[in-house]
Amino acid sequence: MSRDTAIGSRGAQPSVTPVTVSRWSRTASAFTGVCLVAVVILAVVPYVIGGPAEQPLITLLTFIAMASQWNLLAGFSGLTSFGQNAYIGVGAYALYLVAAGGINPFAGIILAAIAAAVVSLPVSALVLRLSGGYFAVATLVVAATFQIIASLSPSVGGTTGVSVPGLAGYGDVLREALIYWATLAVAVASVAGVCVLVRRTFGLDARAVSSDPVGAASSGVRVGRIRLLAYLAAAGGAGAVGALIALQTLYVEPTTVFSIQYSVYMLFLVLVGGMGTIEGPIVGALVLFALQETLSAYGAWYLVIVGCLAVVATLAASRGLWGLASERFGWSLLPVGYRVRQEE
Amino acid sequence: MNWVNAVIQGMLLGGQYALIACGLSLMFGVMRIVNIAHGDLAVCGAYLGLVLSSALGVPVWVTLPLLLPAAFLAGMALQVLLFGRALRHGVLAPVLVTFGLSVMIENLLQVAATSDPRGLNGGALALASFHIGSGITVSWLFLTAFLTACTVLSCLQLLLSRTSWGRKVRATADDVDTARLVGIRVRPVFATVAGIAVATAALAGVFIGTIGTFDPLAGTNTLIFAFEAVVIGGIGSLWGTLVGGVALGVTQVVVGEINQAYAVLAVNLLFLAVLTVRPGGLFTSRQAVRELQGLGAPG
């Protein structure tokens, strides 16, 4: 690979074995290929299977998007926000405002993401002063405050909410398929975005900030900047998810779009799958999606079981299911880290 | 006269917030755990009070000698089984574990007790009140809650500053490793602190349930109020927590006097304003602020 660099081959110290550092391995190349094929297959689902497959896949893809975003925030940067539902709500309301303004609602998803990121900027100035549990509860307060503000604003329907305009022109089948593609795009963008960010220096810096902010700062990492970037990116992603939720339900109402359930899901998906890896949240999304399908008849028991799983995962397998598997088998499916090999 | 009344009612309400918050403050001060399930544990206390008082057919106050020790033991068990283990997995694990616990409690309560709002039987005390001057009526129940909060805070302060247990707690809070070195058995200290925190939460839950109603999902809002009281008052300062609670209560009632819809919003904005101007709260040490920002070096 072109990025490979040889270290230690200068000959000054003959005892040092030359090694090759590379990002790509055979597994990583193969798996990246598999991922691309999977995305293509997912993209043609509306043509091949259509309606019945779209609804469950939308749920699964939304899970993947939410999990990847929360993982960027909590897993890589150590910011355990329980208030990402604030930006899901902001995204949903932004989509309504954009659609009410006559802009195509599907184009509005991007605007909703930008709106959420813009709103998160002043909020970050407040909440990023805190860390750990205090940061977590402060984000809860912010989400609660946003919900109250939305329900006190008559221009967006107050407590009763508003329905999303601009979708009447589409037929049911087309609308469903467009929402499906939009969800797929947001999920792919979330996973790929986190992948790209983590491959850059940001990935190392963020992990350093998460494990020891003081140490990171003293090694020249700009702690505030890393946290801010992660917070803005996660807020933007949540905004896009919120816009998708508004498109699916066609109705925006404070208690549902600001529901803390979204934050609960983000946490559980990532904890069960594995924090701080790219693959973990996807595994978590698949596992929780399967659990939800099988346990949905049990109502509240489902969340009790998943909560229990999350607690056990944190205590017994802090790197989640994916962490267990990758440690056991030495898997690393994506070219995110570095591999060091001795040259023959 | 309305305003004086609002301030008095607000102060009394603030006592309840301080009563919920003191356990949260204590657990953070000693173990560096922000217990996300604290509000839910208070709601559990209220449900336990409901079960006991309806089973025995007595006002909920009579059940306190049963309820508080049970809550204390539950707190110790939680510390040994969950919080203590979580502490060994770094700084984020306790946050995640207590959040998971919170979701479990809320949903278990929904399964066990349905989502209907409940209230507790407070006996004659719940309805009694007296007058000051012409326009001010003070409910004995609110006054009792406020005085209980003051008593609990005073007792905690005395325990911490005057007893050998308190010395151990303070030493452990300062530096766990050094405390171990000088022969303090840290785990029993942590267990008793968690026990006290959960018992005070349960006591607060009983007052919440007697004064108003509660449902399985009431814990999150309870946590938010308690947390705001702790941060406004200043991390790790018990009397600060009382001041924080009173500030919240007065804001809520006074703004509610103008427009009820804005009462909770005003409380949240007060919290965010304090966070902007004085992130460490009103009464706090610089060390506490550094730890709050994740820059300190907790033991």
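In chain B of this predicted model, the hairpin of β1(B) and β2(B) has three residues between its strands, and B:Gly133 there takes a positive phi near 60°. Strand β1 covers residues 129–132 of chain B, and four bridges join it to β2(B), with the two strands running antiparallel. One residue pair can be named: B:Ile132 has B:Ile136 in β2(B) as its bridge partner.

**Chain B and helix α5**

Chain B has 12 helices and two strands. In sequence order the pattern is α-α-α-α-β-β-α-α-α-α-α-α-α-α. The radius of gyration of chain B is 19 Å, close to the 19 Å that the globule rule gives for 299 residues, so chain B is as compact as a globular protein of that length.

Helix α5 of chain B runs over residues 140–162. What span should its 23 residues have at 1.5 Å a residue? The expected value is 33 Å, and the end C-alpha atoms are 32 Å apart, which agrees.

Part of this helix is buried. The buried residues of α5(B) are B:Phe142, B:Thr144, B:Ala145, B:Phe146, B:Ala149, B:Val152, B:Leu153, B:Leu156 and B:Leu160. Against which elements of chain B do the buried residues of α5(B) pack? They pack against the strand β2 (136–139) and against the helices α1 (2–31), α6 (164–174), α8 (186–211) and α10 (238–258) of chain B. The strand β2(B) therefore appears twice in this account: it is joined by four bridges to β1(B), and the buried residues of α5(B) pack against it.

**Chain A beside chain B**

Chain A has 15 helices and five strands. Its radius of gyration is 21 Å, close to the 20 Å that the globule rule gives for 344 residues, so chain A is as compact as a globular protein of that length. The table sets out some values for each chain.

| Chain | Residues buried | Span of C-alpha trace along principal axes | Contacts with a separation of 6 or more that join residues 24 or more positions apart |
|---|---|---|---|
| A | 49% of 344 residues | about 75 × 50 × 40 Å | 76% |
| B | 53% of 299 residues | about 60 × 45 × 35 Å | 75% |

**Where the chains touch**

How many residues of chain A are in contact with chain B? There are 37, and they are in contact with 41 residues of chain B. The elements of chain A that give two or more residues to this side are α6 (132–151), α9 (213–218), α12 (261–273) and α14 (300–316). The largest share, 12 residues, comes from α6(A). By class, the side of chain A that touches chain B has 27 nonpolar, nine polar and one charged residues.

**The nonpolar core**

In soluble globular proteins, nonpolar side chains tend to be buried together. Here the largest nonpolar core has 212 residues. Which of them touch the most other members? From chain A these are A:Leu95, A:Ala112, A:Ala116 and A:Leu269, and from chain B they are B:Val193, B:Val198 and B:Ala202. The largest share of this core, 17 residues, comes from α8(B).

B:Val198 can be followed further. Leaving aside its neighbours within four places in sequence, B:Val198 is in contact with B:Gly23, B:Leu41, B:Ala71, B:Phe72, B:Ala74, B:Gly75 and B:Leu78.

Terms used:
Residues numbered from 1 in each chain as written. Chains lettered and ligands numbered in written order. Predicted model: local features only at pLDDT ≥ 70, side-chain atom pairs only at ≥ 80, totals over all residues. Expected span 1.5 Å × (residues − 1). Buried ≥ 20, exposed ≤ 12 C-beta atoms within 10 Å, placed from the backbone. Contact = placed C-beta atoms within 7 Å. Rg over C-alpha atoms; globule rule 2.2 N^0.38 Å. Core = buried A, V, L, I, M, F, W, Y, C linked by C-beta atoms within 7 Å. Nonpolar A, V, L, I, M, F, W, Y, C, P; charged D, E, K, R; others polar. Pairing = 2+ DSSP bridges.
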